[in-house]
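This report looks at backbone geometry at a few positions and then at how two domains meet. Please keep the sequence and the structure at hand while reading.

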Amino acid sequence: MVRVRFAPSPTGYLHIGGLRTALYNYLYAKQNNGKLILRIEDTDRTRLVGGAVENLISTLEWSGIEFDEGPHKIGELGPYTQSERLSIYHQHTLELIKNGNAYPCFYPQERLDMIKQKHIPSDIVAEYDRRFRDLNITESIDRMANENHVVRLKVPSKGAISIYDDIRGKIEFDLSLIQDQIIIKSDGYPTYHLASVIDDHLMQISHVIRGEEWIASLPKHALLYQCFDWELPNFAHLPLLLNQDKSKLSKRQGDVAVEDYINKGFLKEALINYVSLLGWHGSDNKEIYSMAELIDCFSINRIKSSGAIFDVKKLLWFNQQYIKTCDDLSLKILIDKLLTQKWEISSSMINLLKDSVENLKDFEKELEPFFVFSPIKIDIDNKLFSQEIYSFLMALSDCFTEMTVMTVDDFKLTINNIKSEYNVLGNIWKPMRIAITGKEHGPDISQFITILGPKECSERLKQFLHFNGQ
RNA sequence: GGCCCGUUCGUCUAGUGGUUAGGACUCAGGGUUUUCAUCUCUGCAACAGGAGUUCGAUUCUCCUACGGGCUACCA
């Protein structure tokens, strides 16, 4: 049974790298008829952000990644929030202490402050840390009841540990280089290492798929599994998502929160598709993948081991592709949510515009000419606007007043009639566009006029002609 | 500094002991279109370096360089 988890800490928002991690876990679970678990890692009490969990869940829901178990779902191996599992960690820690695999470390706060302030080299600090390592176990446990302490893992001072990673193969670590890691902090909360190992085991996680930044902690985790005499899960450490300068993708250098991209008007399909290809690729040249296709094609052994720069330009291209193929009504619903103006937009407007935008936000300015009009002042010497063009526009305005509805064919017939009647030779398209939309560029003008309707067009033409002294 | 991970066009990537090293984005230039865009065509552009193994290495091994991650009572 495949059981995987996504285990974010609730520090405010869903990171784009987190989205990819969640996605890969989801794909793997779905593909293998397994389960995806959401676990909240909130053991750092100093970094709690209000509403972060709700925000995380709603963003994940937006993306289409569904969980089988989690704080918002029913599950048998919960609770799925680490702060609600304290007794479990304490119980296991006590076991570790009794077995001699961990020990409490009692030093006064002043000593800690001193170490911090004086920048004592870390190897000296480590030396000092071991003072309590071989204290009598019963005595240690007794003192824990009354004294401030942390609990440290007793890391063997020699030997090596070798762990297999599904993406990178065998990785070896020299144990003598690893400090006696703190597993319970002085506030009684576990550190990540302890909590994640216990939870992964108790929640029966079969594959740990997480970011590469955890590789350095792998030996500590593996050691914990050994101490508990638990079987190791499979590990797959995903390559990092990078800034333009190849450093770990961070807030400093652009948007990293999924909600930023939602607000900018990206479709979930585009974000998911783009992010899926950052570190993974099928064996062919296919690039457009639906979620269903991803579930079908995804495989851990095709994940790359090198980092990937997050390139917004390519994401925009994906977004464009998905907008173009999205149906008008669905787009309308999405656009309505993002619109800052109270415009009554129609499906036909969206249909007309959807080839010319890169994100949903762009619709707002493309839509503007439908709702906002101010006539443009034309220079006397503008060659586009000859007297015969003005006459043409006047005649067009008159025709429009007599019409109530109009198709594109009606419109074309109308202008052809006027053209021949007035013997207009010049280019009518550009002047018409400028007169009616007030813009130089825009979507197909025939369709624009048809959607706007003859009445409004006539009104705008009159305003334009009047404004230019005709 | 130490440990660990990595290195194919600017970017995302495919790929193989013998290929004209493929695709996509970007960029440049054509074409289509009543404008912009879409669409389409063409072009630019890569195996980090050095040894070794081999008849032959981008591909296998080692070294170097470079990049990154970790080195917290953060995750």
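In which loop is Q204 found? In this predicted model, Q204 is found in the loop between α7 (192-202) and β8 (207-211), and its backbone has a positive phi of about 55° although Q204 is not a glycine.

**Backbone geometry in loops**

Most residues other than glycine have a negative phi, and most peptide bonds are trans. Against that background, N33 also deserves attention, since N33 has a positive phi of about 50° although it is not a glycine. N33 is found in the loop between α1 (16-31) and β2 (35-38), and its relative accessible area is 66%, which means that N33 counts as exposed. A further departure concerns the peptide bond rather than phi: G78 and P79 are joined by a cis peptide bond, with omega at about 0°, and P79 lies in the loop between α2 (52-63) and α3 (86-98).

The two positive phi values are set side by side below.

| Residue | Phi |
|---|---|
| N33 | about 50° |
| Q204 | about 55° |

**The contact between the domains**

The domain assignment of chain A gives domain 1, covering 326-370, and domain 2, covering 387-467. Eight residues from domain 1 and nine residues from domain 2 take part in the contact, while the centres of domain 1 and domain 2, taken over C-alpha atoms, are separated by 24 Å.

How much area do domain 1 and domain 2 bury between them? The value is about 730 Å², and 74% of it lies on carbon and sulfur atoms. On the side of domain 1, the residues that lose the most area to domain 2 are L352, P369 and F370, which together account for 74% of what that side buries.

As for polar interactions, the rule finds zero salt bridges across the interface of domain 1 and domain 2, whereas it finds two residue pairs in polar contact there, both at pLDDT 80 or more. The elements that give two or more residues to the side of domain 1 touching domain 2 are α14 (347-353) and α15 (362-371), and the largest share of that side, four residues, comes from α14. By residue class, the side of domain 1 that touches domain 2 divides into five nonpolar, two polar and one charged.

Note on methods. Residues are numbered from 1 along each chain as its sequence is written. Chains are lettered from A and ligands numbered from 1 in the order in which they are written. This is a predicted model: local features need pLDDT of at least 70, side-chain atom pairs count only at pLDDT 80 or more; totals for chains, interfaces and linings use all residues. Side-chain values use heavy atoms; hydrogens and water are left out. Buried means under 20% relative accessible area, exposed over 50%, partly exposed in between (1.4 Å probe, protein chains only). Domain bounds come from an automatic or database domain assignment. Contact means heavy atoms within 4.5 Å. Buried area is the accessible area (1.4 Å probe) that two parts lose on being put together, summed over both. A salt bridge is a side-chain nitrogen of Lys or Arg within 4 Å of a carboxyl oxygen of Asp or Glu. A polar contact is a pair of N or O atoms within 3.5 Å; within protein, one must be able to donate a hydrogen and the other to accept it, and residues adjacent in sequence count only if both atoms are side-chain atoms. Ala, Val, Leu, Ile, Met, Phe, Trp, Tyr, Cys and Pro count as nonpolar, Asp, Glu, Lys and Arg as charged, and the others, Gly among them, as polar.
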